[in-house]
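Welcome! Please take a moment to look over the sequence and the 3D view below, and then we will walk through some of the details together.

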Amino acid sequence: FHNVGITMDELKRKILEQAIFLDEIRRRVYSVVLTFFLVFIGSFFAAGYIVSLPVKLLKLPNVTIATTSPFQYMDLATDIAFACAVCVVLPLIAFHVYRFLKPALTNNEKKIFIRLIPIMLILFVFGFAYGIIIMYFAFGALASLNTSLGITNIWDISQSVSQLAVTSLLLGILFELPLALVFLIKIGWL
């Protein structure tokens, strides 16, 4: 260390200064992982109720929703548990990132961030609801088209529910994108 002009004591002091931040990051990551795991387990066991909601929503004329394998429900329950855990954990990650960066943010950046949080949640809910509505009409149109062509509609429950969930989640995230751009413009990064 003599070649770089730093003593061993200075190096240890700098490492200890950074260790405080690393410990805080470790605690926050642990909190997020624990929350993800707990929500995943809870959603996995509540999957029967959660599956019944889109199945009732997808009650379309001339459509039979079916399973194609004995273990398909387990796969579907796992997918639903993962989606629920992601929906719960994403706002928690945003909260932890804000809390970690808060000391480095200016007062203006803090105010902007706090004002945008409720708008972000509202936009996500609107995007998610929009995805459900769009998929309902898309499923209805496809079912009518198949019936008019003389094709029987026997739809796989996993694919139908997964298509509905993924589209709705992605549209929820997409509806938040303009808000992220507004935040970056307001703080002067764009």
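## A serine to start with

Does Ser 158 count as buried or exposed? Ser 158 counts as buried, because its relative accessibility is 12% and the cut-off for being buried is under 20%. Before going on, keep in mind that you are looking at a predicted model.

You will find Ser 158 in helix H5, which covers residues 157-186. The side chain of Ser 158 makes a polar contact with the side chain of Gln 72, at 3.2 Å. If you set aside neighbours within four places in sequence, Ser 158 is in contact with Gln 72 and Leu 76.

## Another serine in H5

Helix H5 also holds Ser 168. Ser 168 is buried, with a relative accessible area of 0%. What does the side chain of Ser 168 reach? It reaches the backbone nitrogen of Ile 132, at 3.3 Å.

Ile 132 also appears among the residues that Ser 168 touches, along with Gly 127, Phe 128 and Gly 131, when residues up to four places away in sequence are not counted.

## The largest nonpolar core

Now let us turn to a group of nonpolar residues. The largest nonpolar core has eight residues: Leu 58, Leu 60, Val 63, Met 135, Phe 139, Ala 143, Trp 155 and Leu 164. Helix H4, residues 107-148, gives the most to this core, with three residues.

Try clicking on Leu 164, one of the members of this core. Apart from neighbours within four places in sequence, Leu 164 is in contact with Pro 54, Leu 57, Ile 132, Met 135 and Phe 139.

## Two pockets

How much volume does the largest pocket have? The answer is about 750 Å³. Its lining is made of 26 residues, and those nearest the centre are Ala 94, Phe 113, Met 120, Ala 180 and Phe 183. Helices H3 (72-101), H4 and H5 are the elements that give two or more residues to this lining. Sorted by class, the lining of the largest pocket has 24 nonpolar and two charged residues, with no polar ones.

The second largest pocket has a volume of about 360 Å³. It is lined by 15 residues, and Ile 50, Pro 54, Cys 84, Phe 128 and Ala 165 are the closest to its centre. Helices H2 (47-57), H3, H4 and H5 each supply at least two residues of this lining, and H5 gives the most, with five. By class, the lining of the second largest pocket has 14 nonpolar residues, one polar residue and no charged ones.

## A loop residue and a helix residue

Where is Asn 62 found? Asn 62 is in the loop between H2 and strand E1 (63-66). Its phi angle is near 65°, a positive value in a residue other than glycine. Asn 62 is exposed, because its relative accessible area is 54% and exposed means over 50%.

Phe 100, in contrast, is found in helix H3. Phe 100 is partly exposed, with a relative accessible area of 27%. Leaving out residues up to four places away in sequence, Phe 100 touches Phe 21, Glu 24, Ile 25 and Arg 28. You can also find the C-alpha atoms of Phe 100 and Lys 14, which are separated by 19 Å, with the two residues 86 apart along the chain.

Conventions. Residues numbered from 1 in each chain as written. Predicted model: local features only at pLDDT ≥ 70, side-chain atom pairs only at ≥ 80, totals over all residues. Heavy atoms only, no water. Core = buried A, V, L, I, M, F, W, Y, C linked by side-chain atoms within 4.5 Å. Buried < 20%, exposed > 50% of the residue type's maximum accessible area, 1.4 Å probe, protein only. Helix = DSSP H or I, 4+ residues; strand = E, 2+ residues; numbered from the N terminus. Contact = heavy atoms within 4.5 Å. Polar contact = N/O pair within 3.5 Å; in protein donor to acceptor, adjacent residues only side chain to side chain. 1 Å grid on protein atoms, 1.4 Å probe; cavity = no way out; pocket = protein on both sides within 12 Å on 5 of 7 lines; lining within 4 Å. Points joined across faces, edges and corners; volume = space filled by probe spheres on them. Nonpolar A, V, L, I, M, F, W, Y, C, P; charged D, E, K, R; others polar.
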